[in-house]
Amino acid sequence: MKKQYILIILAALLIPLINACTEKPANNALIITGQSNHDWKVSSPVLAQIIEGTGLFTVEIMTTPQEGGDMTLFDPDFSKYNLVVLDYVGDPWSEKTQNAFVEYVKNGGGLVVYHGSCISFPEWKEYNEIIGLGGWKDRNEKDGPYVYYKRNELVYDTAAGPAGSHGPAHEFEVRTRVMDHPVTQGLPVRWMHATDELYQQLRGPAENMQVLATAFADTAFKGTGRDEPVLLALQYGNGRIFHTLLGHAEEGNVTAMECTGFIVTLQRGAEWAATGTVTQKIPSDFPTAAAVVLRPGFREITTDEAFEMIADYDIQKSTRYYTQIQAEIINAAGDEQKLLGLEKQMVKILTDNEASVEGKKLMLRELGWMGSDYCVNAIKELVNVPELKDEAEFALERLDIKE
Amino acid sequence: MSGKTSRREFIRRSAAIAAGAFVIPEIIPSSALGMGGKTAPSNRVVMGAIGTGSQGMANMRDFLRLKDAVRFVAVCDVDSVRLNRAKQVVDTANNSSDCRTYGDFREFLEKEKPDAVSIALPDHWHGIIYTETVNKKFHVYGEKPISRTIRDGQTIVAAVKKNNIIWQTGSWQRSQAHFHRGAELVRNGRIGKISRIVVGLPDGGRSIGTPPVKEVPAELNWEMWLGPAPKVPYRGVSHWDWRWILDYSGGQLTDWAGHHIDIGNWGADLEYTGPVEISGKGVYPPEGIYNAPVEYDFICKYANGIEMRVANSSRLEHGMGTTWYGDLGWIHTNRGNVLTASNADILKEVIGENETHLYKSENHWQNFIDSVKSGKPAIAPIEPAYRAISVALLGEIAMTTGETIKWDPEKEEIIGNPRAARLLERPYRKPWTLPTV
């Protein structure tokens, strides 16, 4: 009988990234999907794209047999991977596969558990120890405590009751609870997450588990009134597990997965689970308490693209790309070559006849403090442009300060 | 009132009348004529107010609440609705209708001769208006933060010193017993040698994105509101919410520096110096016209080894307020009468007669009036206010540049970093310039 799983290699989707990074990534990730009460055909390719987007992973997607199929045919070779990503709710795996999976994690394999996968396998003891918290499928007090924050204290609540529920999807604020974990280090302590399901009343063994982030489950959205876990980090044997409860997706609606907060925490969680460290920088478009930020196409805007948008900026448009350039200046601190590179791109906008007046104003503001001698002549030219005279003179006045 | 102030007041008024500057006759109601046990008018401090928004009016009411202490005679604002509301409050208090109104502070300063002026304006106006007012030798109750930039602050400090007037900063926490007590315990070594101060200030708020350009309301002089700040179109944001926009303010960080950083400096005896090294990180809104950091976390190292961490409160164990850490324990203080310590016995300590007793005031506005009358400094003089906001502004520069900033607190200059040094000031839009002292 023909094997029923298929292998999809996503290189085709990722041409820009592969161009940027010609070396083969050092890590191999396997996404397991194929059955779910969620729309796995939507979510799994997105997970693959996001994780490959780090430039650190080659990702394969493996699908199990369909519901009711012969699960003995699902027999992955976990030894080929240092990261497994679960996007799966469905039939129990074969005993052989279950054992291989537990051994994989125990021996130091990295694991990412995504959103609905916390519903899977209520009867499988080791699985629940690995994921820490789960919900639905008749889970209750026999499976472990509720875990949540109440008045800034972490609570393990053994009260009787069912596990797993959520109200209508909505935007909510995520609160980082552990600031010094590799996954969360450098993140804002509060940030807005795009419209998503907020899981609540999860329960499980919760051993060797850190609640990295929570979100307040507002009673206005049928919430518990508690700060419910949304990001978890666990240790099982030598294995590291990053468990994100976020990112609900369905056909035609991937907003929750487009949230930069979801993308970046997943990328950092994947690297940490696979390697134990996180080398990725916090990007400038990470959301804050001020606002949700989406990445249409799940991809970060490049510096060149940001400059293009600024060249086209007018006062009714979003300042997002300007903010990105400001963040890149901060990230380039101490690196004169990088700063000069940014300066040259700004000067290019100043000297571009097609570039907008408002875009030039933004660049003059930055050049006024971070510019070198390189930009001075271009700015002097703009003193003669009536709409830019003020800004050009501001910049020159400041640039005159040499010490 | 001291003879000195009375005499000066007399001279000023005589000179003004002789020069014909007063075209409006001043009607003094009988309630102010020293009858029925009331304070004689010559003993009331004659005041004006520049900036009659929420904080300006709150201060005015705090002054009016004092028994027979002040008489407001003139108000100034760029918003005519607010200006007229302020006039009504003053006229009601004076039981008259003679409060004079100005839409331009230059005219106010030219025509009015008050003893003292209460000023509450967006930060970007402080450099010019504080300095001009002080140059007129009027005493000033001025809102924190002292300035939008360190250069503006230096100019204001120089003006106050040169003109030798009474300055009271709106850092009213100094006049609350529990802040005073916390600072005094720390100053007297009750938690040992201080190694660390942690200051928690509010988190930033939600974005409003980029609202459409709107017609300026008839009552608002937008050009004057902007003043020295860059010319930008009106988007329905001016009063109050200016504090989330970097052209006018540094956000919660600079708004609150004059409270909990100031208290931290007071307790640790850092109020006449500044840090030598500053580094940290800000979290900025990803877009929108509100561009002040919504989170911030930076460390200031002082020459004596003390480290001050300033951060938005959600990042901190003790949240809002000031916490001093010494080798014998810690003391934390915050609004709402919060004064706690690592060991409750610390808070029972008595400060002996020969120990350091910090300046004591029970009412911040009364303290200013008392100082105006006595000529003695007020509890929140100019230099500590400048030093408190400098901490925040240096933090802002460290976060904007991404660099570790070296600061010389004696010469008040950034060392070896021209980019950062440029951020010590903001250029003024013509015709405005920072006044000379």
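## Exercises on a predicted two-chain model

Ile331(B) is buried, with a relative accessible area of 0%. The model is predicted, and the exercises below work through parts of it.

**Exercise 1. Place Ile331(B): which strand holds it, and which residues does it touch?**

Step 1. Find the element. Ile331(B) sits in strand E12 of chain B, residues 329-334.

Step 2. Check the cover. The cut-off for buried is under 20% relative accessible area. Ile331(B) has 0%, so it counts as buried.

Step 3. List partners, leaving out residues up to four places away in sequence. Ile331(B) touches Gly182(B), Leu185(B), Val186(B), Ile191(B), Thr322(B), Thr323(B), Trp324(B), Leu339(B), Thr340(B), Ala341(B) and Ile346(B).

Step 4. Take one partner, Gly182(B). Along the chain, 149 residues separate Gly182(B) from Ile331(B), yet their C-alpha atoms are 6.8 Å apart.

**Exercise 2. Test the length of helix H9 of chain B: what span should its 17 residues have?**

Step 1. The helix covers residues 252-268. At 1.5 Å a residue, its expected span is 24 Å.

Step 2. Compare the ends. The end C-alpha atoms lie 23 Å apart, which agrees with the expected span.

Step 3. Look along the helix for a bend. H9(B) has a kink of about 50°, centred on Gly258(B).

Step 4. Check the cover. In H9(B), 17 of 17 residues are buried.

Step 5. Step past the end. Asp269(B), just after H9(B), has a positive phi of about 60°.

**Exercise 3. Count the disulfides over all chains: how many does the structure hold?**

Step 1. The count is zero. Two cysteines show why.

Step 2. A disulfide needs sulfur atoms within 2.5 Å. For Cys259(A), the closest cysteine sulfur is in Cys118(A), 18 Å away, so the pair is too far apart for a bond.

Step 3. For Cys99(B), the closest cysteine sulfur belongs to Cys76(B). That distance is 11 Å, again too far for a bond.

Step 4. Check exposure. Cys259(A) is buried at 0% relative accessibility. Cys99(B) is buried too, at 4%.

**Exercise 4. Describe the interface: how much area do chain A and chain B bury between them?**

Step 1. The buried area is about 3700 Å², with 51% of it on carbon and sulfur atoms.

Step 2. Find the main contributors in chain A. Trp369(A), Phe394(A) and Arg398(A) lose the most area to chain B, together 19% of what that side buries.

Step 3. Count residues. Chain A gives 45 residues to the contact and chain B gives 46.

Step 4. Look for charged pairs. Four salt bridges cross the interface. Arg190(A) and Asp203(B) form a salt bridge through their side chains, at 2.6 Å from N to O.

How values were computed:
Residues numbered from 1 in each chain as written. Chains lettered and ligands numbered in written order. Predicted model: local features only at pLDDT ≥ 70, side-chain atom pairs only at ≥ 80, totals over all residues. Heavy atoms only, no water. Helix = DSSP H or I, 4+ residues; strand = E, 2+ residues; numbered from the N terminus. Expected span 1.5 Å × (residues − 1). Bend = angle between axes of the 7 residues up to and from the residue. Buried < 20%, exposed > 50% of the residue type's maximum accessible area, 1.4 Å probe, protein only. Contact = heavy atoms within 4.5 Å. Buried area = accessible area lost by both parts, 1.4 Å probe.
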